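Hi there,

Here is the structure I promised to pass on to you. Have a look at it first, and then read my notes below.

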Amino acid sequence: MITAEHLTRRYGTRAVVDDVSFTARPGRVTGFLGPNGAGKSTTMRMLTGLTTPTSGRATILGSPFRELANPGRRVGVLLDASAQHAGRTGREVLHLSARLMGLRPGRVEEVLATVGLTTSEAGARTRTYSLGMRQRLGLAHALLGEPEVLILDEPVNGLDPAGIRWMRALLGDFADAGGTVLLSSHLLREVEAVADDLVIIGSGRVVAQGSVEELLATPGTQVHSLDDDSLARALTAAGHEVTRAGAGLTTSATAEEVGRTALGAAVVLTDLRPSAATGLEDLFFDTTAQHGREEAAA
Ligand SMILES: Nc1ncnc2c1ncn2[C@@H]1O[C@H](COP(=O)(O)OP(=O)(O)OP(=O)(O)O)[C@@H](O)[C@H]1O
């Protein structure tokens, strides 16, 4: 289990992560999706204790990451696949970490086989690796300590379609065995293929979250009003789901229900239409376009 509670990180006066809350549950692959610069890496760095939040809190398996004893055996982390020592071989990188974590002999060979790095690839210096090989080594490193939780920043980046299919199977098996997986991506198609749940972020804020099925099946209504806060409260109180979509709201309520709720709450509607989010792609564009990025589903 990974929990982010009101995580905020400011640089100067700018909040690059702004009040981000979500839970990644065991047995599920949670995709953390957003355009370039949305704040995914900064959030992951806060989850793993590398960046201190300005406010808010993150826990993994019930504790802040920095308080976990032997964290490599609880949480596998892949934040930057290029961060490995360029002059070491893949096998050396893994052996060093295995020794630090006190792992059983044979674990390195096991994990190399899991990620599909051949004997000759494992024996080559990492400076010669392609991006796809780096991702496989990074994943091997994350899996090495047989953790319960995986936190992976853009792990699919650089993999070919067969590699993406392989990654989906591997992460799916990890979650099926009770593990928790959080992986980020700026590419909707990649994450859609891998994730059970999604947290979508734009300009540092969570703009939508839920299971892929829920988010895919977003029939309902898009609404703009002169007082979205009051309308959101009234709709929620009436039992409807409400998602912030930049300026405006998306809700599970029908247009008539929105109209009646707005009347009861004395809120003036300025726009009311069936939700355009008929698929994840629409949803992703809807929720991120207002945040100034168009290339995200490229
Ligand atoms: N140390 C820092 N100082 C100042 N600004 C920073 C710092 N680290 C990140 N930022 C800014 O915070 C914003 C979010 O960056 P972040 O790397 O978290 O985004 P991201 O969603 O991971 O994007 P990408 O997909 O491009 O990696 C960016 O505008 C970035 O320039």
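**What I found**

The protein chain has 11 helices and 13 strands (DSSP runs, numbered from the N terminus: H or I of at least four residues for helices, E of at least two for strands). Please keep in mind that this is a predicted model, where local features need pLDDT of at least 70, side-chain atom pairs count only at pLDDT 80 or more, and totals for chains, interfaces and linings use all residues. Residues are numbered from 1 along each chain as its sequence is written.

An automatic or database domain assignment divides the chain into domain 1 (2-208) and domain 2 (210-297). Their C-alpha centres lie 31 Å apart. Along its principal axes, the C-alpha trace spans about 70 × 40 × 35 Å.

Now to the inside. Buried residues (20 or more other C-beta atoms within 10 Å of their own, with C-beta atoms placed from the backbone) make up 44% of the 298 residues. The largest nonpolar core (buried Ala, Val, Leu, Ile, Met, Phe, Trp, Tyr and Cys joined through C-beta atoms within 7 Å) has 62 residues, and Leu-47, Val-111 and Ile-201 are among those with the most contacts inside it. Helix H5 (residues 131-143) gives the most to this core, with six residues. A second, separate core of 11 residues includes Leu-231 and Ala-262.

Finally, the ligand: the residues surrounding it (C-beta atom, placed from the backbone, within 6 Å) include Tyr-11, Lys-40 and His-186. Helix H1 (residues 40-47) supplies the largest share of this shell, three residues.

Enjoy exploring!

Note on methods. A residue is buried if 20 or more other C-beta atoms lie within 10 Å of its own, exposed if 12 or fewer, and partly exposed in between; C-beta atoms are placed from the backbone.
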